[in-house]
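Student: I'd like to understand the labels people put on a structure like this one. Can we go through them with the reasons behind each?

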Amino acid sequence: MSALNYIENSTITNAGLKALEPYRAKRAVFIAAGFGTRLVPITLNTPKPLVRVKGQRIIDGLIDACLNVGISEIYIVRGYLAEQFDQLLYKYPMIKFLENPMYNEANNISSAMTARYTLSNSYVFEADLLLSNPALIKPYHYTSNFLGIKKDYTDDWCFTVKDGIITEEKVGGNGPDCWQMVGISYWNEVDGYRLSQDIKDVYESYGGKERYWEQVPLVYKKEHYAVEIRSCKEEDITEIDTFRELKALDKTYAI
């Protein structure tokens, strides 16, 4: 038995679970209010997270990964074709919906504004990511972090990383410190509470409604945070940006 009684016979004890509790992922927030304009014509009648790829809705893989590690407090911020998300309740009755009335007037910071009181000990997902590696969703985290893919060059949204900490977010980058951004992040208890105020401050500032939500901790209020990079691979997650990419993944759309 360990000196602190956290492990016994290679199994974590109740005392060990209690010690881990502050680091447990307790909830998940899905940003799902947008139009998905680049996936037209499919998204004319279906929100992008509900589009099926090989028979399964895109968002289902993300929700299933959360449930597999014990995260059952799940929020979906919806806006465009909001009522269509009700279909998820048949499979996932635990879901709570947060309504974003500003989805057609502001950038995704408006969704973060809607969900700002749910961000402590919480994953935040872009809800249109096709997850191939559910093991990326873990039950415990010691620090706030963002998933990223190490790149020599990218023209996409990316991070500059120094000593494991994100120091800059930008479009396009190269070199040994360049990581392509992946839209899955985790926020610990302290940072989640801090975000609830910082998101409001940025949203209500001049031009604030045009911001992306992650620019709050990574750009406009970055002095308040030390967000770590968490590595993943290209094959772990697919962001389907265009109808052409959807057809390449699922040949039924090419008919």
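Tutor: Sure. Buried means under 20% relative accessible area, exposed means over 50%, and partly exposed is what lies in between. Keep in mind that this is a predicted model.

Student: Okay, so why is E73 called partly exposed?

Tutor: E73 has a relative accessible area of 24%. Partly exposed is the label between 20% and 50%, so E73 gets that label.

Student: What makes E73 and R27 a salt bridge?

Tutor: Their side chains meet at 3.0 Å, N to O. The cut-off is 4 Å, so the pair counts. E73 sits in strand β6 and R27 in strand β3, 46 residues apart, and the pair links distant parts of the chain.

Student: And R27, is that one buried or exposed?

Tutor: R27 is buried, because its relative accessible area is 16% and the limit for buried is under 20%.

Student: How do you know that K170 and E168 form a salt bridge?

Tutor: Their closest N and O atoms are 3.8 Å apart, and the limit is 4 Å, so they qualify. Both are partly exposed, K170 at 28% and E168 at 34%. Salt bridges that share partners also join R57, D60, D64 and K91 into one network. The structure holds 15 salt bridges.

Student: What does the salt bridge between D177 and K162 tie together?

Tutor: D177 lies in the loop between β12 and β13, and K162 is in strand β11, so the pair ties together parts 15 residues apart in sequence. The closest N and O atoms of D177 and K162 are 2.6 Å apart.

Student: Why is there no bond between the sulfurs of C158 and C178?

Tutor: The sulfur of C158 is 4.2 Å from the one in C178, its closest cysteine sulfur, and that is too far for a bond. A disulfide needs the sulfur atoms within 2.5 Å. A search of the whole structure finds 0 disulfides. Both cysteines are buried, C158 at 0% and C178 at 2%.

Student: Why is H141 called buried?

Tutor: Because its relative accessible area is 6%, and buried means under 20%. H141 is in the loop between β9 and β10. Leaving aside neighbours within four places in sequence, H141 is in contact with Y23, Y123, Y186 and R230.

Student: What makes the H141 and N145 pair a polar contact?

Tutor: Their side chains are joined at 3.2 Å, and the cut-off for such a pair is 3.5 Å. N145 also has a bridge partner in β13, namely Y186.

Student: How do you know that β10 and β13 pair?

Tutor: At least two bridges are needed, and β10 and β13 have 5, in the antiparallel sense. β10 is also joined to β14 by 4 bridges, and those two run parallel. There, L147 has R230 as its bridge partner. Of the 6 residues in β10, 5 are buried, so "mostly covered" fits.

Student: Which residues have the most contacts inside the largest nonpolar core?

Tutor: Those are F30, I76, Y123, F125, I137, I184 and I237, in a core of 32 residues. The largest share, 5 residues, comes from α2. Apart from this core lies another of 29 residues, among them I109 and M113.

Student: One last label: why does G70 count as partly exposed?

Tutor: G70 has 48% relative accessibility, and exposed would need over 50%, so partly exposed is the label. G70 lies in the loop between α2 and β6.

Technical notes:
Residues numbered from 1 in each chain as written. Predicted model: local features only at pLDDT ≥ 70, side-chain atom pairs only at ≥ 80, totals over all residues. Heavy atoms only, no water. Core = buried A, V, L, I, M, F, W, Y, C linked by side-chain atoms within 4.5 Å. Buried < 20%, exposed > 50% of the residue type's maximum accessible area, 1.4 Å probe, protein only. Polar contact = N/O pair within 3.5 Å; in protein donor to acceptor, adjacent residues only side chain to side chain. Contact = heavy atoms within 4.5 Å.
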